[in-house]
Amino acid sequence: MERLWTSGSVDRNKELVDRLQLYGIVKSKKVKEVMETIDRGLFVPPDSASYVDSPMPIGYNATISAPHMHAACLELLVDHLQPGMNALDVGSGTGYLTACFAMMVGPEGRAVGVEHIPELVDFSTNNIRSSAASSCLNEGSLSLHVADGRLGWPELAPYDAIHVGAAAPEIPQPLIDQLKPGGRLVIPVGTIFQDLQVVDKNLDGSVSVRTETSVRYVPLTSKAAQLHNN
């Protein structure tokens, strides 16, 4: 069934963002604006409870993160998603955060999504085409690629912001290598117990890592292992 951009969905999306602001998760004007502009309801499977603050399965043993996690990651990266900057979304899934990145970096920047499940790349492309970020896709400032996200996307590196939407046992070195000096990587790290880690590359190329909070994400793994994990 075709999902339409309706005033009802826009109102419910705004209510969700207002609640996240009330709880202190959405802090900045820029994150509030982009989360209001990119309607979450266009990025979840049909018949999902689009505006509930919880993760949801999207098929292929993948999920879309809960809205509060999207908000938290956007806030951690907001200074690295300024107009003209480059952003990489690893494990881009439904395309929601990639669309947010594209709106924030604007037509002079680049937002790149990498996802190893081809069907999810098709799903995310269609989602973005139905959203406010469709022009970014058409004009080329937003691109989606079928690839192993653990290797990043070196063709358009370096990146000011890198987000990883699945938990790695350790931080993949290619992602650190593709981070621009002054840039920031946000990634869940761990297996049974996971922490959201914030990796800042200093101007001299050295790296500092801090733990933001405990989280629970699906694993960042190979396509074969992900599809086998039923």
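A nonpolar core is here a set of buried Ala, Val, Leu, Ile, Met, Phe, Trp, Tyr and Cys residues that are joined through side-chain atoms within 4.5 Å. The legends below describe views of a predicted model.

**Figure 1. The largest nonpolar core of the predicted model holds 50 residues.** Among these 50 residues, Met 35, Leu 74, Leu 81 and Leu 142 touch the most other members. Helix α4 supplies the largest share of this core, with eight residues. Another core, of 20 residues, lies apart from the largest one, and its members include Val 164, Leu 185, Ile 187 and Val 199. As background to this view, nonpolar side chains tend to be buried together in soluble globular proteins.

**Figure 2. Leu 74 and the mostly covered helix α3.** Helix α3 spans residues 67–77, and nine of its 11 residues are buried. The buried positions are Pro 67, Met 69, His 70, Ala 71, Cys 73, Leu 74, Glu 75, Leu 76 and Leu 77. When neighbours within four places in sequence are left aside, Leu 74 is in contact with Val 31, Val 34, Met 35, Leu 81, Leu 97, Cys 100, Phe 101 and Met 104. Two of these partners, Met 35 and Leu 81, are named together with Leu 74 among the residues of the largest core that touch the most other members.

**Figure 3. An open sheet of seven strands with mixed pairing.** The strands follow the order β5-β4-β3-β6-β7-β8-β9. At the edges stand β5 (142–146) and β9 (207–215), each of which pairs on one side only. From one strand to the next, the twist averages 15°.

**Figure 4. Strand β4 and its two parallel partners.** Strand β4 comprises residues 110–115 and pairs with β5 in the parallel sense over five bridges, while another five bridges join β3 to β4, again with the strands running parallel. Ala 111 of β4 is a convenient point of reference, since this residue stands opposite Leu 142 in β5 and also opposite Ala 87. Five of the six residues of β4 are buried, which leaves the strand mostly covered.

**Figure 5. Helices α4 and α5 pack on the sheet.** Helix α4 (residues 96–105) touches β3 (86–90), β4, β5 and β6 (159–164), and its direction makes about 170° with that of β4. Helix α5 (residues 118–129) touches β4 and β5, and its direction makes about 165° with that of β5.

**Figure 6. The surroundings of Leu 179 in strand β7.** Strand β7 covers residues 179–190. Leu 179 has a relative accessible area of 2%, and is therefore counted as buried, the cut-off being under 20%. Not counting residues up to four places away in sequence, Leu 179 touches Pro 158, Tyr 159, Asp 160, Ile 162, Arg 184, Leu 185, Val 199 and Lys 201. The C-alpha atoms of Leu 179 and Asp 200 are separated by 8.6 Å, although the two residues are 21 residues apart along the chain.

**Figure 7. The protein chain as a setting for the close-up views, with eight helices and nine strands.** The C-alpha atoms fill a box of roughly 50 × 40 × 35 Å along the principal axes. The radius of gyration is 16 Å, which agrees with the value near 17 Å for a compact globule of 230 residues. Buried residues make up 53% of the chain, and about 10,300 Å² is exposed, of which carbon and sulfur atoms supply 54%. Among contacts between residues at least 6 apart in sequence, 58% join residues at least 24 apart.

Conventions. Residues are numbered from 1 along each chain as its sequence is written. This is a predicted model: local features need pLDDT of at least 70, side-chain atom pairs count only at pLDDT 80 or more; totals for chains, interfaces and linings use all residues. Side-chain values use heavy atoms; hydrogens and water are left out. Two strands pair if DSSP finds at least two bridges between them. Helices (H or I, at least four residues) and strands (E, at least two) are DSSP runs, numbered from the N terminus. Axes are lines fitted to C-alpha atoms, for helices over the stretch in contact, and angles run from 0 to 180 degrees between N-to-C directions. Contact means heavy atoms within 4.5 Å. The radius of gyration is taken over C-alpha atoms; the globule rule is 2.2 Å times the number of residues to the power 0.38. Buried means under 20% relative accessible area, exposed over 50%, partly exposed in between (1.4 Å probe, protein chains only). Accessible areas come from the Shrake-Rupley method with a 1.4 Å probe; for residues, only the protein chains shown count as cover.
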